[in-house]
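User: Could you take a close look at the buried interior for me? I'm a first-year student, so please walk me through one part step by step.

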Amino acid sequence: MLRKLTSTQRFWIAFILAIPMLIQMLAMPFHWMMPGYNWVALITTTIIMLVAALPYWTSAWAAFKKHSANMNTLVALGTAIAYFYSIFAMVTGRAVYFESAAFITVFVLLGDTMEERMHDNASNALKKLLDLQVKDATVLRNGEFVQVPLDQVQVGETIKVKPGEKIPVDGKVLSGTTTVDESMITGESMPVKKQPGDEVVGSTVNGDGTITFEATKVGSDTMLAQIVEMVKKAQTSHAPIQHLTDRVSQIFVPVVLIIAILTFTFWYVFFGATAVQAMLFAVSVIVIACPCALGLATPTALMVGTGRAAKMGVLIKDGEALEEIEDVKTIIFDKTGTITAGKPQVTDVIGDSHEVLSLAASLEASSEHPLASAIMKKAEEDQIQFTEAADFNAVEGKGVRAKVDGKIAFIGNEKLAEDAQVSFKLKEQLMKLQKEAKTVVLVGVDNKVIGLVAIQDVPKPSSAPAIAELKKQGLKTVMLTGDNQQVAEAIAKEVGIDQVIAGVLPNQKADYVAKLQEKNKVAFVGDGINDAPALTTADVGIAMGSGTDIAIESGSIVLVQNSLMGVVQAIEMSKKTFNRIKLNLFWALIYNLIGIPIAAGIFVGLGLQLSPEIAALAMAFSSVSVVTSSLLLNYVKIPDERVASHLAN
């Protein structure tokens, strides 16, 4: 029962029980003594020791049984010395110091309470995300849409969402068009248009349209649940530097105990202090040296930093990634789906745009080829009308011939059109587009080429500005792709990549990453199954959120928004978090180095002295200052898309 009490509850128990001793301390200058004070102090302090201070005692005892010492060892020893000496003093008729044991506990618990509050504040983002989940869904069952609890929704079921409602689970749109506010997942404030075939994310808010969608992920498999779980793991993980902190604490505690013994010995033996005075100096040393702030330096910064990153759509899986990325000098990118959108798009239409696209769409309407999809999408965007082709004839490796409006039309490469008439101007433009590493198809009718359509997997809008920002930070950028050299170099030139390694087979990517690691630490950014070994091999693996499950599992950082600007944000947030950890450790150590000599009484001649209670208060606020320092990570500036775009221009 007692173990379940929170730090806040223990603090109020200790504070209320310590009030009689506080009254007595305030009344002492007026020479007033509370009747039966010693017994009151004994009873209240005993309850404080058994209830409020119990975690410190149990932790110290557990460490002692393992022949080691921890931060709570100092708190337990400081309170135990003051408490048991006071019992001895009470029996022998001497002055008691129960208030020292009581107020050490009160002030240490005050620090723990403030830390607990700040910890809760840092975790609020995750709680708010969980609160966003809806309680039920409108599911199609037995031919009707009915309300069912969210935990009863199954994969494959059809769900209807009306305007303004929250989307209950992840899925794929079956019918209807709408816009969806996905800001809670991606951080993007503008609503995203959704139509049949598009994916929707659970807990995002539907706009002004009614849609039905097929549930693809439910329960713990939804993106929201995975984000929450991933951030939880990151917040409770340990950065390698934490192990250094733990080792320092293991050495520091015994050293403090030795200093406390020496303090007592010097004051009692060499400076003529009474045993009580010497004991108070020793207890002050033990209490003020408690390295709680040292232990909080890493986990608090890690918790706040990963929480802030999650709000930006950057999921940092563990503390090790934070530390590793500090020394990364080279960022390696996959091309398709990472730098580029991963879907071919029409970039140029040469000739009469309407005529060329209408004929091309007529010929490609029945094709499932990726290039055909790009042409059909362009025709749809430009609202081009087309007619259905007849006598369809696919010429392997060359293109398509068919009848359109009674005329023989064709679309394909130069080999298909080699007998057709091509004007000099079109030939010149064909060569220019090919030099830009674009796939060019010729569109013709009646044995005459009437135009060209250039298709390319274009870079994402975020790629160029993000890479510009990375280079501004002094990082080398490399593209590692299986595509041919000409296409890779064209994309690299467009986005500003420093080095291109093209024609790499999937099973060779990890080897190239390892080779680049020989010079310095590298991060790899990718999204496909073939990227998984490279993501694992790199010092830091950064997976695109739109990528395959295996790629996401292999990466130590996941970019929910699928934007390369997330790489900049991940690196910036990681560096700022790790730098804050180092700052916290520095101040925690400096505080102890300054506080111990004062507590030991070295500056008594200058009128500078700390009682055990004041030492406990100072120690508590040192911990709070470290937590406050970590919370300031919520306000550090991190580049966003607009900043990077400005820098790129």
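**A close look at Ile331 and its core**

Analyst: Happy to! Leaving aside residues up to four places away in sequence, Ile331 touches Leu470, Leu475, Lys476, Thr477, Val478, Ala523, Val525, Val567 and Ile571. Keep in mind that this is a predicted model.

Now let's zoom out from that one residue. Ile331 belongs to the largest nonpolar core, which has 50 residues. Together with Phe333, Ile557, Leu564 and Val567, Ile331 touches the most other members of this core. Val567 therefore turns up twice in our story: it is one of those well-connected members, and it is also a contact of Ile331. Which helix gives the largest share of this core? That is helix 22, spanning residues 565-599, with nine residues.

Another contact of Ile331 is Leu470, and this residue leads us to helix 17, which covers residues 463-472. Leu470 is one of the buried residues of helix 17, along with Ser463, Pro465, Ala466, Ile467 and Glu469. After helix 17 comes Gly474, with a positive phi near 85°. Leu475 and Lys476 are again among the contacts of Ile331.

Finally, there is a second core, separate from this one. The second core has 36 residues, including Met49, Tyr56, Tyr85 and Val96.

Elsewhere, for contrast, you can find an open sheet of three strands in the order 6-5-8, with antiparallel pairing. Strand 6 (192-194) and strand 8 (205-206) are at its edges with a single partner strand each, so one side of each has no neighbour in the sheet. Strand 5 (residues 178-181) pairs with strand 6 over three bridges, and Thr178 has Lys194 in strand 6 as its bridge partner.

Note on methods: Residues numbered from 1 in each chain as written. Predicted model: local features only at pLDDT ≥ 70, side-chain atom pairs only at ≥ 80, totals over all residues. Heavy atoms only, no water. Core = buried A, V, L, I, M, F, W, Y, C linked by side-chain atoms within 4.5 Å. Buried < 20%, exposed > 50% of the residue type's maximum accessible area, 1.4 Å probe, protein only. Helix = DSSP H or I, 4+ residues; strand = E, 2+ residues; numbered from the N terminus. Contact = heavy atoms within 4.5 Å. Pairing = 2+ DSSP bridges.
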